[in-house]
Amino acid sequence: MPANPFPFNGLSDAEVATARQAHGTNVLEAPSSGGLWKALLKMVTEPMFLLLLVAATIYFLLGELSEAFFMLGAIVLISTISLYQEQRRRRALEALQAFTHPVARTIRNDQVVELPTADLVVGDHVVVSEGELVPADGEVVQANDFAVNESILTGEAFSVTKEVSADKAGRVYRGTQAVGGLAVVRITAVGPATEIGRIGSSVAGMQDVRSPLERQIQRFVRQMAIVGAIFFLIVWGLNFLSSHSWLDSLLKGLTLAMSILPEEIPVAFTTFMALGAWRMMRLGVLVKDARTVETLGAATVICTDKTGTITENRMELVAVRPPGMAAPLPAGQWTGAEARKLITTAMWASEPVPFDPMEIALHAAYASLPGEDRRPTFRMVHEYPLGGKPPMMTHVFANDMGERIIAAKGAPEAILACSDLDDAGRSAVMAEVEAFAGQGYRLLAVGEARWTGEEWPAEQQHFTFHYLGLVAFHDPPKKNIASVFASFREAGIRTLIITGDNAITATAIARQVGFRISGEPVNGEAVQGMDEETLGRMVRERNLFTRMFPEAKLRVVKALKAQGEVVAMTGDGVNDGPALKAAHIGIAMGRRGSELAKEAAALVLLDDDLGHMVDAVAQGRRIYGNLKKAIRYIISIHIPIILTVALPLMLGWLYPNLFTPVHVIFLELLMGPTCSIAYESEPLESGSMKCPPRRMDQTFLSWTELRTSLAQGLVITVAMLGCYQLALQQQLGEEGTRTFVFTALVVANIGLTLVNRSFEHSVWRTLRYPNPLLAAILGGTVAILLLLLYVPLFRDFFQLITPDLGLLVTAVLMGMASVLWYEGVKAWKRKKASVPPKWAV
């Protein structure tokens with residue numbers, strides 16, 4: 001292929017340097033995330049931060065300086081943990097954004113080269129074709145049926161034809177989408193000087209739409225904050241009635257408010273989603289929106305293309321069959337006039353700068369033929385982009401001598417429909433097609449036409465093409481695809497193959513990879529002709545859809561969603577955008593996918609390996625499962641803290657204010673790292689990919705899910721109040737009672753952390769799960785507890801005593817017993833799950 005088939009030399013290196021110095025680079029200034037300052041502002045306006053600040057101020061006013069400085073230290077420590085978590089989240093998201101580097105085909109030094117769009121300068125000539133985004137503002141200097149979608153700027157979602165013109169029809173803008181044809185664009189503005197750069201500030205101010213789970217978490221935290229405010233007023237009032245001290249009673253009310261506020265939950269959610277997206281990027285899956293992570297584990301159907309997803313997308317031209325040949329001609333036997341004519345015409349019907357694997361193979365085959373390369377002497381004067389059902393495309397070339405070449409290629413049915421063959425000839429060709437397709441080959445028919453007028457037909461099908469034959473490509477299946485389909489089946493996920501290929505080729509490839517075909521294949525025309533009820537039945541019963549076009553793909557996705565399925569859809573072309581947008585999880589291919597497909601998709605498989613979707617689903621289930629464990633843990637451990645603070649006061653017990661803000665904040669410091677660091681690092685539980693997907697309408701904040709957390713929290717509360725009463729019977733005094741209950745509660749926290757690592761497997765099994773962070777946090781908790789009990793400085797500050805061995809052992813046993821009872825529940829569930837129902841016996 002010639003280095004530069006266009007009549008433009010492009011800029012030289014010196015001209016590029018001059019233009020960059022004069023007009024800058026093609027980089028838009030990203031909306032500032034605020035970095036550290038924004039994180040600090042968010043932190044100092046958090047309710048917990050404000051409660052701590054008020055508590056510290058009251059301690060200062062009361063003259064209790066040690067407690068006041070402890071509160072200030074707690075503020076610093078909690079702020080440090082929050083900033084660390086925010087930094088981890090922000091770095092993960094920045095890593096995701098930095099991973100995508102869009103490129104543009106640019107003419108420089110009389111060569112067509114691929115450059116990062118950030119390197120483009122004013123005066124560059126860039127080649128933009130169907131499926132790509134316009135990289136900068138510019139004017140069209142060459143166009144072949146070029147059309148763009150400018151909805152990003154105008155809001156009008158229809159294509160606009162562009163041509164060489166001095167007015168608006170000749171101008172294109174950064175970020176708009178090429179939906180047809182090809183153009184060479186001379187760049188006139190880059191970076192902030194582009195139209196989209198000028199309106200960037202208003203775009204930056206747009207609000208993100210929150211996911212359903214995110215909204216549920218916000219609602220739950222808001223409700224808990226209201227509950228906390230009500231109990232704060234009650235406790236403040238009760239204490240004031242008994243002490244008549246505004247500050248002291250206010251401090252005790254704040255103690256309860258701190259214990260109720262579950263500020264760890266939203267932090268855990270954002271951290272889990274961001275780090276989950278970062279982990280998936282390391283596996284080869286780029287998550288464009290971290291919130292997609294929560295949907296992955298619920299996927300019930302994956303709709304996949306064939307070419308490049310199931311197959312290698314190598315597209316080797318392996319045989320040609322001109323009319324009248326007794327057998328196909330394999331490579332090495334293409335020197336005859338008919339074979340050369342067939343390959344040459346197929347090349348002319350391809351893009352001048354090919355990017356499709358089949359077109360690349362056709363250009364390479366043409367270059368290997370003997371004779372003169374005529375491509376430099378011809379220019380494209382008209383183009384009919386890929387279209388029709390089934391599709392075809394036509395290119396018109398001309399040279400300075402007045403010669404014309406009108407070449408078409410496409411699906412055999414499409415070419416035959418407008419060819420000069422009679423019915424018998426068409427039937428003979430279709431028999432050849434079936435023979436090829438039965439071996440899994442991808443086929444294109446080729447034709448040429450004559451036209452003497454200057455006005456071109458409105459549609460390519462209005463030409464009468466002389467049929468020249470078939471070209472056959474071999475695209476071998478990927479080695480791992482059979483195991484990928486098996487993994488999806490094992491995880492309870494249905495797989496549908498939705499391809500533009502004919503039924504014979506698609507069936508052959510499906511059988512080669514061990515895909516279990518359900519019923520007869522369904523083609524796109526049949527899909528379009530079905531009513532909603534029939535289509536709904538088809539998408540339930542069938543899993544191979546052939547000769548599919550964009551509208552038919554979209555109907556299938558919508559029909560699946562209407563039945564409550566959570567749909568993942570793969571796509572790579574410009575016409576896949578609607579179906580990718582409609583699916584719950586749009587999946588684009590990183591290597592062969594068009595920029596439009598990547599723009600529409602939620603995920604990008606960086607190396608086009610569908611096997612990474614198995615990893616992504618596993619990660620989605622791991623993240624959702626771990627978030628569920630973390631939130632259940634937070635709710636469970638908050639309940640005994642709240643009730644241990646509130647009940648002695650409300651019931652008029654001997655020591656109504658057993659815990660002060662110092663103790664509550666210490667417990668909060670234990671909970672924060674446990675839920676958002678330790679649980680986030682938990683591995684995928686064994687058997688998770690052998691379970692059916694969770695339902696999207698299920699949430700761990702529903703009553704069904706919260707019952708376990710409430711039960712665990714109430715049992716711990718009963719145990720803690722039991723410790724309280726036992727201490728009173730033994731006359732341990734206020735500090736002894738506090739020590740007994742505090743120690744048991746810290747031990748219960750440790751036990752709860754271990755028990756809630758799985759709601760199915762036993763704690764003895766989960767102890768073998770690798771998680772160094774969890775071990776470090778729990779080890780640190782034990783060490784700090786021992787310091788509080790046995791180092792006088794810390795013991796006195798926390799108003800504790802050094803317990804004797806009997807008291808310590810009792811506290812440990814009470815704390816562990818208050819959580820280990822749930823192991824019996826898990827054992828009962830495992831036994832129940834292992835017994836088959838009576839109808840299955």
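Q: In this predicted model, how many bridges join strand E1 to strand E2?
A: The model is a prediction. Strand E1 covers residues 103-108, and strand E2 covers residues 111-116. The two run antiparallel. The number of bridges joining them is six.

Q: Which residue in E2 stands opposite Arg 105?
A: E1 and E2 run antiparallel. Strands of a sheet pair through backbone hydrogen bonds, either parallel or antiparallel. Across from Arg 105, the residue in E2 is Glu 114.

Q: Which residue in the hairpin of E1 and E2 takes a positive phi?
A: The hairpin has two residues between the strands. A positive phi near 55° occurs there. The residue that takes it is Asn 109.

Q: Which strands are the edge strands of the open sheet of seven strands?
A: The order is E11-E10-E16-E15-E14-E13-E12, with antiparallel pairing. An edge strand here pairs on one side only. That fits residues 329-330 and residues 379-387. The edge strands are E11 and E12.

Q: Which residue in E13 stands opposite Met 380?
A: Strand E12 is joined to strand E13, residues 392-398, by six bridges. These two strands run antiparallel. Opposite Met 380 stands Phe 397.

Q: At about what angle does helix H15 run to E16?
A: Helix H15 spans residues 423-437. This helix lies across strands E10 (316-321), E15 (442-449) and E16 (466-474). Its angle to E16 is about 5°.

Q: Is Thr 345 buried or exposed?
A: Thr 345 sits in helix H12, residues 337-348. Leaving aside neighbours within four places in sequence, its contacts are Ala 407, Val 446, Gly 447, Glu 448 and Leu 468. Its relative accessible area is 3%. Buried means under 20%, so the term follows: Thr 345 is buried.

Q: How far apart in space are Thr 345 and Met 71, C-alpha to C-alpha?
A: In sequence, Thr 345 and Met 71 are 274 residues apart. In space, the C-alpha to C-alpha distance is 81 Å.

Q: Which helix gives the most to the nonpolar patch?
A: The surface patch is about 640 Å². Its makers are Ile 226, Ile 230, Ile 234, Leu 238, Leu 241, Met 650 and Leu 651. One helix, residues 212-243, gives five residues. That helix is H8.

Q: Why does Ile 230 count as partly exposed?
A: Ile 230 is found in helix H8. Buried means under 20% relative accessible area and exposed means over 50%, so partly exposed lies in between. Ile 230 is partly exposed because its relative accessible area is 46%.

How values were computed. Residues numbered from 1 in each chain as written. Predicted model: local features only at pLDDT ≥ 70, side-chain atom pairs only at ≥ 80, totals over all residues. Heavy atoms only, no water. Patch = residues over 30% accessible without salt bridge, like charges linked within 9 Å, V, L, I, M, F, W, Y side chains within 5 Å. Areas by Shrake-Rupley, 256 points an atom, 1.4 Å probe, with all protein chains shown as cover. Salt bridge = Lys/Arg side-chain N within 4 Å of Asp/Glu carboxyl O. Helix = DSSP H or I, 4+ residues; strand = E, 2+ residues; numbered from the N terminus. Buried < 20%, exposed > 50% of the residue type's maximum accessible area, 1.4 Å probe, protein only. Pairing = 2+ DSSP bridges. Contact = heavy atoms within 4.5 Å. Axes fitted to C-alpha atoms, helices over the stretch in contact; angles between N-to-C directions.
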